[in-house]
Amino acid sequence: MYIRIGMIEYESRTARLATPSEKSKYESVGECFMIQPINLIDAAILRLTLSLSIILLVMPGSVRAKSQEPAWTKQEAAVRDQIRRLRSLPDDVRARTTKQLAIDIRRLPAKPHKLDLAFAIANLSTEGDFGRDTLQEVATTLADALREDQPPMMGTEPAPPYVELAELVRYEHVKANADNPQFTAALAKLDADDQSRQRADFTLTDLQGKAWTLQALRGKVVLVNFWATWCDPCRREMPDLETLYRRFKNQGLVVVAISDDDAGKVKQLIVEKKFTYPVLLDPGRKVTDLFRIEGIPKSFVYDRDGKLVAQAIDMRTRGQFLKMLAQAGLH
């Protein structure tokens, strides 16, 4: 999953500075400079660092203020390096490796980087279908790390690791022993987000200039997917979305993929890959913000009555998408 902190994107292929409006959101922590590419473990550490209000300069390999940067132990560095290589592994190997890394992290001494590592592995563990046992180990490790190292709230919001744990519990249906007010607040936040998505309506234009309105699609099964051209997990799931769209469109499935990317980049990719499902442009991010999207890819399935019946917090496999569509009555 590629994450977003406030309005600041952690992209895989571009380099840029935060805009003035983005910087204004972090006046308490100074200027936030975006140096890309940034990997998931660095992004995870960055999110924690922002929650502690100690970061001034953001760059791969140096994501905490130098005066605050604890040294990586040999054990921690070995785990960190394995996490950075996870995306290069075949899925079956990645599942086993992720599970073992979660166990290895849990066995580390209670030091600052333990939570960094637990948070990073959690971010990566939902990119596909690595099995319930793997996700349970990841959730247990993150919960244990949060008991040992409790980051403060980000203003009125729970710290990102608590939100990550709450997402694993709510959407991946794992268990976690986390008796903490921030975890409770994170669960409440997710419930409020889902209620907002249930009420959501929007009108956006596709690449051909046709307007699409969510509420006007009542009577159809609608899969809303948020993605970007620079997001590798997004691109990896798009062929499966195309296959499912072709398979079920005569049964009433509508796939609408929403991107706030540059229209030219979006069109180039869609034409090159010959995808046929509707791709909608959200240049002002109004719909992306309406759905409270902080990481991509994200997918939501609405049944024919307009009820939100399933959602994915990260990249899904074809099999996982089929299970989501089944909850809306498509088989």
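**Strand 9 and the helix 4–helix 5 contact**

From strand 9, Lys 298, Phe 300 and Tyr 302 point one way while Ser 299 and Val 301 point the other way, and all of these residues are buried. The model is predicted, and two parts of it are described here: the surroundings of strand 9, which spans residues 298-302, and the packing of helix 4 (residues 91-106) with helix 5 (residues 112-125).

**Strand 9 and its partners**

- Strand 9 is mostly covered, with five of its five residues buried.
- Strand 5, made of residues 221-226, pairs with strand 9 in the antiparallel sense over five bridges, and within this pairing Val 224 stands opposite Phe 300 of strand 9.
- Strand 10, made of residues 308-312, also pairs with strand 9 in the antiparallel sense, over four bridges, and here Ala 310 of strand 10 is the bridge partner of Val 301.
- The hairpin of strand 9 and strand 10 has five residues between the strands, and in this hairpin Gly 306 takes a positive phi near 85°.

**Helix 4 against helix 5**

- The axes of helix 4 and helix 5 lie 10 Å apart and the two helices pack at an angle of about 160°; because angles over 145 degrees count as roughly antiparallel, helix 4 and helix 5 are roughly antiparallel to each other.
- The crossing of helix 4 and helix 5 is left-handed.
- On the helix 4 side, Arg 94, Thr 98, Leu 101, Ile 105 and Arg 106 meet Lys 114, Leu 117, Ala 118, Ile 121, Leu 124 and Ser 125 of helix 5, and by class this contact has six nonpolar, two polar and three charged residues.

Notes: Residues numbered from 1 in each chain as written. Predicted model: local features only at pLDDT ≥ 70, side-chain atom pairs only at ≥ 80, totals over all residues. Heavy atoms only, no water. Axes fitted to C-alpha atoms, helices over the stretch in contact; angles between N-to-C directions. Parallel < 35°, antiparallel > 145°, perpendicular 65-115°, else oblique. Left-handed = near helix turned anticlockwise from the far one by under 90°. Contact = heavy atoms within 4.5 Å. Nonpolar A, V, L, I, M, F, W, Y, C, P; charged D, E, K, R; others polar. Buried < 20%, exposed > 50% of the residue type's maximum accessible area, 1.4 Å probe, protein only. Pairing = 2+ DSSP bridges.
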